[in-house]
Amino acid sequence: MNENKLNFGEFIYNLVNDFYSNYILKSSKPQPNQWTIISCIIMENNNQYKIICFSSGTKSLPNCNYKSRKFQIFDCHSEILALRCFKFFLINALYYHTDKENKNNFLSREEYELFKSMDNFYDIFEFNSQNNKFMVKKGVNFHLYISETPCGECSNILYNINKRQNLKEMTGSKTLEECLNIINKKNIPKNNDNNSINYNKDISDEKNNKYYFRTKSIRSDFKVNNLSFSLSCTDKLMIRNILGYQGKYLSSIIEPLFFKSLIINTSLDNNANNIELFKECLDYNKRKINSNKICKIPEIYFVQHKDEESLFKGNIKNDKNSLPFSTYWYFPNSIKKVDPSNGIKTGGNVKDIEKLDFLRVKLCNFDLCQNIFNFLIHNRTIFLKHVNKIEKNILKNDKSNLDYYDIICSLINHDYLNKKNIIIKENNDLKEFIGKKRNIFENKK
């Protein structure tokens, strides 16, 4: 398959469609009166394509249920869950690459055999001795599919319907300024009509060269405890186009990874304009005239499969309820569920914080950090500097029970942190918004 062909987006859509139809069980799909959004990450290796991550979801954790950065998943929107799955896939692929005989039993026997059965495809890493990090081999690329435009600025796409020209279809995402006004109990600007169309906010404020970071979709009358302090999916994708999709925890052992393409399923017309608008939303460099940060924008493909018979949406979603749980899968595991209102296993309760460890979904930060910790310890000769720091940290704090989260946080790559801190400093609203979230945890200690 030549990805330069105009039908590359259709090729990916069909790949996702087949996967969804054949491998996702009915119990994980929306019922006739429900809808959801799905995302997939597709890996390409020498012109072979396979789905390595799948997720569905539409919700994020409300402030009142924030308890633990370690054990809870705050953002259960499908594309963000898929990106979280991607990190676990990467650490599994590292396990396999450095332990081809599975002597350390990082992977279960079944997981190991699945990797081994397609070694030419899944053995994707090579080691860069110059910076002591792993990098993906030449010919390996990653592609992200989303069955709807991400919430936030990327969903404020110009459209033409019922002869209404140049209006913006809003998702309900508020700018951080508006959200902070809600938190601080100030008045916020009201939309001009009941269709949630905002005429005042453009993609950027050209006069001040300001980019409007946004929240998840919320109503203006939401109480503070019901707000989510997660950024919109548009903003998270944009930030990852600078920092890399490997994330902060893996930044110390993997070189930054970026997606080659982003495939969006949409019903919007005039795709050529939509693609350019989408790229603008994802390009942080265009927001800051003096910015020297490199923002790697993936190729954008739009496909149109939003008819009533769509596997992903069914009828108009306003007539339905969103699926009450989120699902996730990454190679070579089985599909699992998470409760987006609690950020833990479905059926769990967040009232007893002491039980969060036992109720955690094995996709949380704690488990990722534990996996990275084990990987570093068993590759001591390669990562001696990291291991020495880990051991000093353990001795210094006299920890009988290892806190993998705190240990790995101390190893996060400085370049990664510096770039992230620059973004925060350049955007006062973002800095204040993140500060409010931190205060939640401090006040609950």
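Is Asn241 buried or exposed in this structure? This is a predicted model, and in it Asn241 is buried, with a relative accessible area of 1%. The residue belongs to helix H6, which covers residues 233–243. Look around its side chain and you'll find contacts with Phe258, Leu282, Ile294, Cys295, Lys296, Ile297 and Pro298, once residues up to four places away in sequence are set aside. Take Ile297 from that list: 56 residues separate it from Asn241 along the chain, yet their C-alpha atoms are 6.4 Å apart.

Now let's turn to the sheet. Seven strands make up an open sheet with mixed pairing, in the order S16-S15-S8-S2-S3-S18-S19. The edges are taken by strand S16 (299–303) and strand S19 (336–338); each has a single partner strand, so one side of each has no neighbour in the sheet. On average, neighbouring strands here are turned by 25° against each other, ignoring direction. Strands of a sheet pair through backbone hydrogen bonds, and they can do so parallel or antiparallel.

Start with S15, residues 261–265. Five of its five residues are buried, so the rest of the structure largely encloses this strand. In a regular strand, side chains alternate between the two faces of the sheet. You can follow that here: Ser261, Ile263 and Asn265 point one way from S15, Leu262 and Ile264 point the other way, and all are buried. On one side, S15 pairs with S8 in the parallel sense over four bridges, and His143 stands opposite Ser261. S15 also runs parallel to S16, joined to that strand by five bridges; there, Leu262 has Ile300 as its bridge partner.

Over at S18 (residues 326–330), the pairing with S19 is antiparallel and rests on three bridges. Tyr328 sits opposite Lys336 of S19. Lying across much of this sheet is helix H1, residues 8–23, which crosses S2, S3, S8, S15, S16 and S18 and runs at about 60° to S3.

Next up, the charged pairs. The structure has eleven salt bridges. One of them joins Lys70 and Asp403, whose closest N and O atoms are 2.5 Å apart. Lys70 is in the loop between strand S4 (58–60) and strand S5 (75–77), while Asp403 is in the loop between helix H10 (384–397) and helix H11 (404–409), so this pair ties together parts that are 333 residues apart in sequence. How covered are the two partners? Lys70 counts as partly exposed because its relative accessibility is 21%, just as Asp403 counts as buried because its value is 13%; the cut-off for buried is under 20%.

Another salt bridge brings together the side chains of Lys100 and Asp119, at 3.4 Å from N to O. Here Lys100 is in the loop between helix H2 (78–98) and helix H3 (109–117), and Asp119 is in helix H4 (residues 119–122), 19 residues apart. Both count as partly exposed, Lys100 at 25% relative accessibility and Asp119 at 23%.

Then there's Lys137 with Asp123, where the closest N and O atoms are 3.8 Å apart. Lys137 comes from the loop between strand S7 (133–136) and S8, and Asp123 from the loop between H4 and strand S6 (125–128), with their positions 14 residues apart in the chain. Lys137 is partly exposed at 29% relative accessibility, whereas Asp123 is buried at 10%. Through shared partners, salt bridges join Lys100, Asp119, Asp123 and Lys137 into one network.

What about a lysine with no salt bridge? Lys133, in strand S7, is buried yet has no such partner, and the nearest side chain of opposite charge, Asp415, is 5.9 Å away. Leaving out neighbours within four places in sequence, the contacts of Lys133 include Glu126, Phe127, Asn128, Ser251, Ile254, Glu255 and Asn413.

Finally, have a look at helix H9, residues 365–377. At 1.5 Å a residue its 13 residues should span 18 Å, which agrees with the 18 Å between its end C-alpha atoms. H9 is mostly covered, with ten of its 13 residues buried. Among them are Asn365, Phe366, Asp367, Leu368, Cys369 and Phe375.

Definitions and conventions:
Residues are numbered from 1 along each chain as its sequence is written. This is a predicted model: local features need pLDDT of at least 70, side-chain atom pairs count only at pLDDT 80 or more; totals for chains, interfaces and linings use all residues. Side-chain values use heavy atoms; hydrogens and water are left out. Helices (H or I, at least four residues) and strands (E, at least two) are DSSP runs, numbered from the N terminus. Buried means under 20% relative accessible area, exposed over 50%, partly exposed in between (1.4 Å probe, protein chains only). Contact means heavy atoms within 4.5 Å. Two strands pair if DSSP finds at least two bridges between them. Axes are lines fitted to C-alpha atoms, for helices over the stretch in contact, and angles run from 0 to 180 degrees between N-to-C directions. A salt bridge is a side-chain nitrogen of Lys or Arg within 4 Å of a carboxyl oxygen of Asp or Glu. Lys and Arg count as positive and Asp and Glu as negative; His and the chain ends are not counted. The expected span of a helix is 1.5 Å times one less than its number of residues.
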